[in-house]
Amino acid sequence: MKTLAMNKESGSDKASVDCAGEQRSVHRYCGYCRHCTGIRVGRRLIPNPQGRAAEEIRRGTAPDENLMQAMMMFNTYVRDGSSVECDDDADEGYNPRYGL
């Protein structure tokens with residue numbers, strides 16, 4: 001498990017991380033990546049809400065709208081957070097959580 005520090009632009013909500021040698025948008029990539037395990041907000045590690053939402057939908061115990069709510073929560077955590085927790089120890093980079 002590794003911690004990727006977020007690079008935030010002042011006056012903007014944009015955040016990026018160095019992922020396998022290239023700068024990636026946290027909002028556009030990390031939330032949808034299988035390797036993203038959570039966001040560090042202060043000392044606390046908050047698990048990526050999309051993982052739990054996707055699992056509940058697969059089991060049929062939650063409506064599809066939960067994915068949208070999970071992404072909105074993820075974006076809130078990114079706004080307040082300082083780093084991304086990533087389990088990509090092989091340094092393979094972005095790996096889509098859905099599809100493929």
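These legends accompany close-up views of one predicted protein model.

**View 1. Confidence across the predicted model.** The protein has an average pLDDT of 90. A score of at least 70 is reached by 99% of the residues. Among the elements, strand E7 (residues 83–86) has the highest mean pLDDT, 96. Helix H1 (residues 49–59) has the lowest, 85.

**View 2. The three-stranded sheet.** Strands E2, E3 and E4 form an open sheet in the order E2-E3-E4. Their pairing is antiparallel. Strand E2 (7–8) is one edge and strand E4 (22–25) the other, each pairing on one side only. Strand E3 (residues 15–19) pairs with E4 over four bridges, in the antiparallel sense. One position to pick out is aspartate 18, whose bridge partner in E4 is glutamine 23.

**View 3. The four-stranded sheet and helix H2.** A four-stranded open sheet runs in the order E1-E7-E5-E6, with antiparallel pairing. Its edges are strand E1 (2–5) and strand E6 (44–47), which each pair on one side only. From one strand to the next, the twist averages 30°. Four bridges join E5 and E6 in the antiparallel sense. Valine 41 has arginine 44 as its bridge partner in E6. Helix H2 (residues 65–80) lies across E5 and E6. The helix runs at about 45° to E5.

**View 4. Cysteines without disulfides.** The disulfide count for the model is zero. A disulfide is a covalent bond between the sulfur atoms of two cysteines. The cut-off applied here is a sulfur pair within 2.5 Å. Why is cysteine 33 not bonded to cysteine 86? The sulfur of cysteine 86 is the closest cysteine sulfur to that of cysteine 33, but it lies 6.1 Å away, too far for a bond. Cysteine 33 is buried, at 7% relative accessibility. Cysteine 36 is also in no disulfide. Its nearest cysteine sulfur belongs to cysteine 30, 5.5 Å away. Cysteine 36 is buried, with a relative accessible area of 5%.

**View 5. The surroundings of histidine 35.** Histidine 35 sits in the loop between E4 and strand E5 (36–41). Is this loop residue, histidine 35, buried or exposed? Histidine 35 has a relative accessible area of 10%, so it counts as buried. Its side chain makes a polar contact with the side chain of glutamate 92, at 2.9 Å. Leaving aside residues up to four places away in sequence, histidine 35 touches Glu85, Cys86, Asp87 and Asp88. Glu92, Gly93 and Asn95 complete the list of its contacts.

**View 6. Aspartate 87 after strand E7.** Aspartate 87 lies in the segment after E7. The residue is partly exposed, with a relative accessible area of 36%. Which residues does aspartate 87 touch, not counting residues up to four places away in sequence? They are Met1, Arg34, His35 and Thr37. The contact with His35 links this view to the previous one. Cysteine 36 is 51 residues from aspartate 87 in sequence. In space, the C-alpha to C-alpha separation of aspartate 87 and cysteine 36 is 6.7 Å.

How values were computed
Residues are numbered from 1 along each chain as its sequence is written. This is a predicted model: local features need pLDDT of at least 70, side-chain atom pairs count only at pLDDT 80 or more; totals for chains, interfaces and linings use all residues. Side-chain values use heavy atoms; hydrogens and water are left out. pLDDT is the predictor's confidence in each residue, from 0 to 100. Helices (H or I, at least four residues) and strands (E, at least two) are DSSP runs, numbered from the N terminus. Two strands pair if DSSP finds at least two bridges between them. Buried means under 20% relative accessible area, exposed over 50%, partly exposed in between (1.4 Å probe, protein chains only). A polar contact is a pair of N or O atoms within 3.5 Å; within protein, one must be able to donate a hydrogen and the other to accept it, and residues adjacent in sequence count only if both atoms are side-chain atoms. Contact means heavy atoms within 4.5 Å. Axes are lines fitted to C-alpha atoms, for helices over the stretch in contact, and angles run from 0 to 180 degrees between N-to-C directions.
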